[in-house]
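Reader: I am new to reading structures. Please take me closely through one part of this one, and tell me how that part sits in the whole chain.

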Amino acid sequence: MATIFTKIINREIPASIVFENDKVIAFKDINPAAPVHILVVPKKEIPTINHIAEEDREIIGEMYLAIAKITKDLGIAEDGYRVITNCNEFGGQEVFHLHFHILGGKRLGALLAD
């Protein structure tokens with residue numbers, strides 16, 4: 001099932017892309033939760049972290065290499081940042097295409113609300 005991320009990958013809808021290679025795309029979140037809020041998405045459709053298979057090992061590695069490059073390029077690597085992925089409804093996942101959020105550009109507070 002095509003998601004908004006698939007549409008961005010296929011250039012059906014615009015996005016502010018900050019990184020792309022043959023396995024991964026990264027773009028600015030349209031509703032940022034921090035001064036820097038980037039979504040890192042595999043080009044292969046993987047619905048949740050629970051759906052990662054052995055053959056996806058290289059893709060996941062590429063996602064983390066992209067995160068390292070993006071955070072250096074955006075100048076937040078040294079001060080620090082947070083990488084978050086949500087899984088399924090109770091985990092807060094809204095788009096069922098695996099993605100990592102990079103949050104940074106300010107001191108980040110507590111992760112969970114009461």
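Author: Here is a close look at the largest pocket, with the chain around it and some residues to find on screen.

Start with the whole. The model is predicted. Its protein chain has two helices and five strands. From the N terminus on, the order is α-β-β-β-α-β-β. The radius of gyration is 14 Å, close to the 13 Å that the globule rule gives for 114 residues, so the chain is as compact as a globular protein of that length. Along the principal axes, the C-alpha trace spans about 35 × 35 × 30 Å. Of the 114 residues, 36% are buried. Now take the contacts with a separation of 6 or more. Residues 24 or more positions apart account for 56% of them.

Now the pocket. How much space lies in the largest pocket? About 500 Å³. Its lining is made by 22 residues. Nearest the centre lie Phe5, Asp29, Leu39, Glu94 and His101. Which elements give two or more residues to this lining? They are α1, β2 (24–28), β3 (36–42) and β5 (100–104). Helix α1 gives the largest share, three residues. By class, the lining holds 12 nonpolar, seven polar and three charged residues.

Pick out His101 next. This residue lies in strand β5, and it is one of those nearest the centre of the pocket. Is His101 buried or exposed? Its relative accessibility is 13%. The cut-off for buried is under 20%, so His101 counts as buried. Its side chain makes a polar contact with the side chain of His37, at 2.8 Å. Set aside neighbours within four places in sequence. His101 then contacts Asp29, His37, Ile38, Leu39, Arg82, Val83, Ile84 and Asn86. Two names on that list, Asp29 and Leu39, also lie nearest the pocket's centre.

Step along to Ile102. This residue is in strand β5 too. Its relative accessible area is 0%, so Ile102 is buried. Beyond four places in sequence, Ile102 touches Val36, His37, Ile38, Val40, Ile67, Ile70, Thr71, Ile76, Tyr81 and Arg82. Compare the two lists of contacts. His37, Ile38 and Arg82 appear for His101 and again for Ile102. For a sense of distance, take Ile102 and Glu12. They are 90 residues apart in sequence and 24 Å apart in space, C-alpha to C-alpha.

Go back to the start of the chain. Thr3 is in the segment before α1 (4–9). With a relative accessible area of 12%, Thr3 is buried. A polar atom of its side chain lies 3.2 Å from the backbone nitrogen of Phe5. Phe5 is among the residues nearest the centre of the pocket. Apart from residues up to four places away in sequence, Thr3 touches Val95, Phe96 and His97.

Finish with two loop residues. Arg11 is in the loop between α1 and β1 (17–20). Asn88 is in the loop between β4 (81–84) and β5. What is phi of Arg11 near? It is near 65 degrees, a positive value in a residue other than glycine. Phi of Asn88 is near 65 degrees as well. Arg11 has a relative accessible area of 47%, so it is partly exposed. Asn88, at 32%, also counts as partly exposed.

How values were computed
Residues are numbered from 1 along each chain as its sequence is written. This is a predicted model: local features need pLDDT of at least 70, side-chain atom pairs count only at pLDDT 80 or more; totals for chains, interfaces and linings use all residues. Side-chain values use heavy atoms; hydrogens and water are left out. Helices (H or I, at least four residues) and strands (E, at least two) are DSSP runs, numbered from the N terminus. Buried means under 20% relative accessible area, exposed over 50%, partly exposed in between (1.4 Å probe, protein chains only). A polar contact is a pair of N or O atoms within 3.5 Å; within protein, one must be able to donate a hydrogen and the other to accept it, and residues adjacent in sequence count only if both atoms are side-chain atoms. Contact means heavy atoms within 4.5 Å. On a 1 Å grid over the protein atoms alone, a cavity is a set of points where a 1.4 Å probe fits but cannot get out, and a pocket is an open set with protein on both sides within 12 Å along at least five of seven lines; lining residues have an atom within 4 Å of a point. Grid points are joined across faces, edges and corners, and a volume is the space filled by probe spheres set on the points. Ala, Val, Leu, Ile, Met, Phe, Trp, Tyr, Cys and Pro count as nonpolar, Asp, Glu, Lys and Arg as charged, and the others, Gly among them, as polar. The radius of gyration is taken over C-alpha atoms; the globule rule is 2.2 Å times the number of residues to the power 0.38.
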